[in-house]
Amino acid sequence: MVSISTSRSWVEIDLDALSHNINYLSSLLKPKTKFMAVVKADGYGHGLITIARHCQRIGITAYAVATIDEGIKLRKAGISGEILILGFTHPIRAFELYKYHLIQSIIDSKYACELSWCGFDIDVHVKIDSGMHRLGFDVNDIGSIEELYEYNNLHIKGYFTHLCVCDSNKRSDISFTKSQINSFNRLINKLKKYNDVGKIHIQSSYGLINYPEIDCDYARIGILMYGIKSSHSDYLKIKLDLSPVLSIKSRIATIHHLVKGTKIGYGLTYQVTKDSIVATIPIGYGDGIPRQLSSNGYVLVKGQKCPIIGRICMDQMLVDVSRVKNLTSNEVVTIIGKDGNNEIRIEQLALAADTISNEILCRIKKRLPRIYKGGN
Ligand SMILES: *Cc1c(COP(=O)(O)O)cnc(C)c1O
């Protein structure tokens, strides 16, 4: 599915890197643990359908999304495995949950009551709040949880909880995470005495790496499947063999030869300190490039680092390409990804933009076409 782009700027998705990451991360799972591919938010900006179809092709049979509409899109695209909706779905959409065989998370007692009242047979996983205080039944409230078994049309197929500091090696965070795991396991063991609890899951990406002793039915893997860390500073217990799946490329629109002292761009915020060659690159914050990278980042041209200078515009940015020999317009520019021996990592952009890789990915706009490579 290789295609040579004629776009001004584009996103490249390397499906072979995705296969590699999934196979590598799967090798870290306990034998009975199933890989649940987290493809919410348009597959972390990579493209929901293509990512999920590729996952299906290489044997993944469980998916997690954030919304019912993401789940329906997967079904319409031919995804046949289990699809868990991690977040809130309005009970008025109960029929669609039933029709598309989506698994809904039950987030509290009132929600269960409203969803059951709609009268459709729905598969559910019960979300347990073990300390994050976002969604779920309090881990100690076994009374409310057992009442769920009275709703005959809500079929409890599993239980899960979410760890909120498993990316840290601070002692207090480790002991907090262990208490989350222990209290969740205690609840499950109590419930098991009288009830069928179905499938159990706790780990997300960092939970898998940093708490490999957890032995559950699924691990919900998002960010690491895409080959990147949320943040440079995140703690990982082992060194991982992952490849970033996403790159962003652009091409030089035009080139200016500017004399020393020339000021450039909106606000004339940047002044060249010597005679310089400046290229205009047709990508900007309207494509999802953080404006915080203004005079605070670089791109790769012919494998060489070239600083972003002046303010990033909505649709364009300026780059100092003085160091690159024999440059003409149309030359490909790497905003994220590898070129020659150099690489720009999403984690670096995230750091410069004072955020995490996940948000950078979610900000990438649809107007950048996705070019998919590999995957055959
Ligand atoms: C997003 C999400 C995940 C995936 O987390 P990663 O850190 O990207 O692996 C897992 N579980 C829940 C509940 C989530 O919301």
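**The ligand and its surroundings**

Two elements, α2 (40-44) and β10 (218-221), each contribute at least two residues to the shell around the ligand. The structure described here is a predicted model. The full shell consists of Val38, Lys40, Tyr44, Leu86, Arg134, His162, Ser204, Ser205, Arg220, Ile221, Gly222 and Ile223. Sorted by chemical character, the residues of this shell fall into five nonpolar, four polar and three charged.

Some members of the shell can be described in finer detail, beginning with two side chains. For tyrosine 44, an N or O atom of the side chain lies 2.5 Å from an oxygen atom of the ligand. For serine 205, too, a side-chain N or O atom is found 2.5 Å from a ligand oxygen atom. With isoleucine 223 the backbone is involved: one of its polar backbone atoms is 2.8 Å from an oxygen atom of the ligand. On its own, the ligand has 390 Å² of accessible area, and the protein covers 89% of this. As for location, the ligand takes up the space of the largest pocket.

It helps to step back and look at the protein as a whole. The chain is divided into two domains, with domain 1 spanning 15-226 and domain 2 spanning 246-344. Taken over C-alpha atoms, the centres of domain 1 and domain 2 are 42 Å apart. Readers following along in the structure can find the ligand by looking for Tyr44, Ser205 and Ile223, which are among the residues that surround the ligand.

Notes. Residues numbered from 1 in each chain as written. Predicted model: local features only at pLDDT ≥ 70, side-chain atom pairs only at ≥ 80, totals over all residues. Heavy atoms only, no water. Domains from an automatic or database assignment. Near = heavy atom within 4 Å. Polar contact = N/O pair within 3.5 Å; in protein donor to acceptor, adjacent residues only side chain to side chain. Areas by Shrake-Rupley, 256 points an atom, 1.4 Å probe, with all protein chains shown as cover. 1 Å grid on protein atoms, 1.4 Å probe; cavity = no way out; pocket = protein on both sides within 12 Å on 5 of 7 lines; lining within 4 Å. Sits in = over half its atoms within 2 Å of the grid points. Helix = DSSP H or I, 4+ residues; strand = E, 2+ residues; numbered from the N terminus. Nonpolar A, V, L, I, M, F, W, Y, C, P; charged D, E, K, R; others polar.
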